[in-house]
Structures are given as structure tokens and as C-alpha cells.
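Please look over the chain shown here before reading on. The report below describes its layout, its pockets and a few of its residues.

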Amino acid sequence: MVVVERTPTRAALREPSNGFIVVANDYLRIDADTGEVGSELMATSCGRFDRAVARLGASRPPSVEACLDVLCDPDIQMGITVQQMVLHARSGRVATQRPA
């Protein structure tokens, strides 16, 4: 399990913590490595990331539905979100949910 953060000129790998990875359209590793301030999307990702981590606590979500519940939190979901998706690599299951 790994997230590959990439820009046209840089890349960094983010590995799991507590058995899962939280991603909020962010560049945590790239930003940490360069200290650069990113786009507006990157500037707003920290709050969404922090909220997702707080909702999850220290354990992996027990189900795809639990993941969708976290993703649909109003403090995590972006205004431009068309749908939330959870991909379960082991089973190949793809679950989607549209915002309320």
C-alpha cells in the first residue's frame, strides 16, 4: 500500500500509518520535502486530511460503507465533489456515493 504523490517535476511516496492511508488531494510528502506553498487545493487539503484522520482514529475502517461515511463528512467533502469512491484492492470492489 502506497500513495504516489506526483507533480510534473517531482514525486514522493507516502506509506500507510496504522494499516491505512489518508489522502485529501494533498502533497504531504512533496510539501514537506520542498517547503513550497502549493495551490488553493493544496492549501485547503490540510483541514480535510486532519478531519479524516480524526474521524478514523487509530484504526482502519471496518468496511467500505464506513469509508464512505467518512468521505461524505461535510468537513471532508469538497464543494466540487461529484461522487465519493472507495476502491477495495483485495476484492476489486468499487463503491460510489453521490453527495447528499
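The sections that follow go from the whole chain to its pockets and then to single residues.

## The chain as a whole

This is a predicted model. The chain has 100 residues, and 26% of them count as buried. Its secondary structure consists of 3 helices and 4 strands. Read from the N terminus, the order of these elements is β-β-α-α-α-β-β.

About 6900 Å² of the chain is exposed, and carbon and sulfur atoms supply 53% of that area. Among contacts with a separation of 6 or more, 30% come from residues 24 or more positions apart.

## The largest pocket

Rolling a probe the size of a water molecule over the atoms shows where empty space is left. The largest pocket has a volume of about 1300 Å³. Its lining is made up of 32 residues, and those nearest its centre are Ile21, Cys67, Met85, Val86 and Leu87. The elements that give two or more residues to this lining are α2 (40-56), α3 (64-71) and β3 (84-88).

Which element gives the most to the lining of the largest pocket? It is β3, with 5 residues. Sorted by class, the lining of the largest pocket holds 22 nonpolar, 7 polar and 3 charged residues.

## The second largest pocket

The second largest pocket contains about 160 Å³ of space. Its lining runs through Arg14, Glu15, Pro16, Ser17, Asn18, Phe20, Ile21, Val22, Phe49, Val53 and Gly57. By class, 6 of these lining residues are nonpolar, 3 are polar and 2 are charged. Ile21 appears here and is also one of the residues nearest the centre of the largest pocket.

## The buried side of α3

In helix α3, Val64, Leu68 and Val70 are buried. They cover an arc of only 160° around the axis, so they sit on the same side of α3. A general rule helps in reading such a pattern: an α-helix has 3.6 residues a turn, so residues three or four places apart point the same way.

## Leu56 in helix α2

Leu56 is part of helix α2. Is Leu56 buried or exposed? Its relative accessibility is 16%, so Leu56 counts as buried; the cut-off for buried is under 20%.

Apart from neighbours within four places in sequence, Leu56 is in contact with Phe20, Val22, Pro61 and Val70. Of these, Phe20 and Val22 also line the second largest pocket, and Val70 is among the buried residues of α3. Leu56 and Cys67 lie 11 residues apart in sequence, with 8.8 Å between their C-alpha atoms.

## Val94 in strand β4

Val94 belongs to strand β4, which covers residues 93-97. With a relative accessible area of 48%, Val94 is partly exposed. Leaving out neighbours within four places in sequence, its contacts are Met85, Val86 and Leu87. Those three residues are also among the ones nearest the centre of the largest pocket.

Val94 can also be placed relative to α3. The C-alpha atoms of Val94 and Val64 are 8.9 Å apart, although 30 residues separate the two along the chain. Val64 is one of the buried residues of α3.

## Cys72 in a loop

Where is Cys72 found? Cys72 is in the loop between α3 and β3. Outside its neighbours within four places in sequence, Cys72 is in contact with Gln77, Gln84 and Gln97. From Cys72 to Ala100 there are 28 residues in sequence and 8.3 Å in space, C-alpha to C-alpha.

Methods:
Residues are numbered from 1 along each chain as its sequence is written. This is a predicted model: local features need pLDDT of at least 70, side-chain atom pairs count only at pLDDT 80 or more; totals for chains, interfaces and linings use all residues. Side-chain values use heavy atoms; hydrogens and water are left out. On a 1 Å grid over the protein atoms alone, a cavity is a set of points where a 1.4 Å probe fits but cannot get out, and a pocket is an open set with protein on both sides within 12 Å along at least five of seven lines; lining residues have an atom within 4 Å of a point. Grid points are joined across faces, edges and corners, and a volume is the space filled by probe spheres set on the points. Ala, Val, Leu, Ile, Met, Phe, Trp, Tyr, Cys and Pro count as nonpolar, Asp, Glu, Lys and Arg as charged, and the others, Gly among them, as polar. Buried means under 20% relative accessible area, exposed over 50%, partly exposed in between (1.4 Å probe, protein chains only). The arc is that of the directions from the helix axis to the C-beta atoms. Contact means heavy atoms within 4.5 Å. Accessible areas come from the Shrake-Rupley method with a 1.4 Å probe; for residues, only the protein chains shown count as cover.
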